[in-house]
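Subject: Structure handover

Hello,

Here is the structure I said I would pass on. Please look through it first, then read the notes below.

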Amino acid sequence: MIVAGSRSQVLASRIAKESGEKLACVEYKNFPDGERLVKVPEIKRSEKATIVASTPDDKSWIELLQLIDACSNFSKIDLIIPYMGYSRQDKRFEKGEAISARAVSKSVRNVDSVTTINLHEDSVLKWFDCNTQNLDASPVLASYFNSVSPAVLAPDEGAIELAEKFASEIGGDSDYLEKKRLSGDKIEIKPKFLDIENRDVIIIDDIISTGGTMSEAIEILKDQEASSVKIACVHPVFANNAILRLFSRGVENIVTTDTLETALSKISVASLILNSIKS
Ligand code: R5P
């Protein structure tokens, strides 16, 4: 049976449809004081549950913990967290801070496996108390594009592996934007190796949150006379006015997956998840 968190209803339905598995009609409700309660319909004891629940916020994390509890009668629980919120705080950046990724991972108990997709740092998986895997959605994302030999750019060095994988799928070359200090108050940002003048460029990152990183990248590439700039990302967090920030900078298209369900989530990771569960 496929059991969805409220933020993964479309993806869970797609997985159920593709696999032919039953889809639980989970109910989600709020008490007057704001507390959340989920209800998973009665199921046979022997059944296996696949919980699909992205956790972009506190509410969805609490829901996920309740879904696991509600499924405790199942013989096996596989947990899919397509987008795992709090995973970016994977260490203490300042003294006294919580390691949020560790805190939330350790709260997940009594599941047989955890599957994530393009976790910002896959070292986070070590905090789960079961088998884990981190899937890469860049090949599925690349399948959407039919640009001829584009330049695939990571907005910073941290995303270069993603850009390389994406470029190898699509048949383009890859690079990242490098910040160079020219003098005390002058910084130059440009692709480390590629000349992108008159080239079609795709910028790829794991997450777009406020859109700040991508907006800066778009502006730089436009200044350097790229013929077109498109954006691809795995996790469309799109905080505040991120979408407007990007389109108002002149980006041609934004393509993302359904790890989070937005109007721009055109690429489904359902098959990627299903294949990984089967294997
Ligand atoms: C950070 O290292 C991530 O890879 C993304 O670049 C970051 O989360 C994007 O955030 P924002 O959209 O707020 O600039």
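**Charges on the surface and inside**

K126 is exposed, because its relative accessible area is 57% and the cut-off for exposed is over 50%. Keep in mind that this is a predicted model. K126 sits in the loop that runs between β6 (113-117) and β7 (131-135). Together with R92, R102 and K106, K126 makes up a patch of positive charge on the surface.

There is also a patch of negative charge on the surface, formed by E121, D122, E161 and E164. Of these, E161 belongs to helix α5, which covers residues 160-170. E161 counts as exposed, with 66% relative accessibility.

Opposite charges also pair up here: the structure has 12 salt bridges. One of them is between D258 and R14, whose closest N and O atoms are 2.7 Å apart. This pair connects distant parts of the chain, since D258 is in the loop between β13 (253-256) and α8 (270-278) while R14 is in helix α1 (residues 9-19), 244 residues away. Is D258 buried or exposed? D258 is buried, at 1% relative accessibility, whereas R14 is partly exposed, at 35%.

A second salt bridge joins K48 to D78, with 3.1 Å between the closest N and O atoms. Here, too, distant parts of the chain are linked: K48 is in strand β4 (residues 48-52) and D78 in strand β5, 30 residues apart. K48 is partly exposed, with a relative accessible area of 26%. D78 has a relative accessible area of 6%, so D78 is buried, the cut-off for buried being under 20%. The side chain of D78 also makes a polar contact of 3.1 Å with that of K76.

A third salt bridge is formed by R199 and D173, the closest N and O atoms being 2.9 Å apart. R199 is in the loop between β10 (186-191) and β11 (200-208) and D173 is in strand β9 (residues 173-183), so this pair ties together parts 26 residues apart in sequence. D173 is partly exposed, at 32% relative accessibility. To return to the second pair, K48, K76 and D78 are joined into one network by salt bridges that share partners.

A last item concerns S75, in the loop between α2 (58-70) and β5 (76-81). S75 is exposed, at 52% relative accessibility. How far apart in space are S75 and I99? The C-alpha to C-alpha distance is 32 Å, and the two residues are 24 residues apart in sequence.

Regards

Methods. Residues are numbered from 1 along each chain as its sequence is written. This is a predicted model: local features need pLDDT of at least 70, side-chain atom pairs count only at pLDDT 80 or more; totals for chains, interfaces and linings use all residues. Side-chain values use heavy atoms; hydrogens and water are left out. Patches are made of residues with over 30% relative accessible area and no salt bridge: like charges are joined within 9 Å, nonpolar side chains (Val, Leu, Ile, Met, Phe, Trp, Tyr) within 5 Å. Accessible areas come from the Shrake-Rupley method with a 1.4 Å probe; for residues, only the protein chains shown count as cover. A salt bridge is a side-chain nitrogen of Lys or Arg within 4 Å of a carboxyl oxygen of Asp or Glu. Lys and Arg count as positive and Asp and Glu as negative; His and the chain ends are not counted. The place of a charge is taken as NZ of Lys, CZ of Arg, CG of Asp or CD of Glu. Helices (H or I, at least four residues) and strands (E, at least two) are DSSP runs, numbered from the N terminus. Buried means under 20% relative accessible area, exposed over 50%, partly exposed in between (1.4 Å probe, protein chains only). A polar contact is a pair of N or O atoms within 3.5 Å; within protein, one must be able to donate a hydrogen and the other to accept it, and residues adjacent in sequence count only if both atoms are side-chain atoms.
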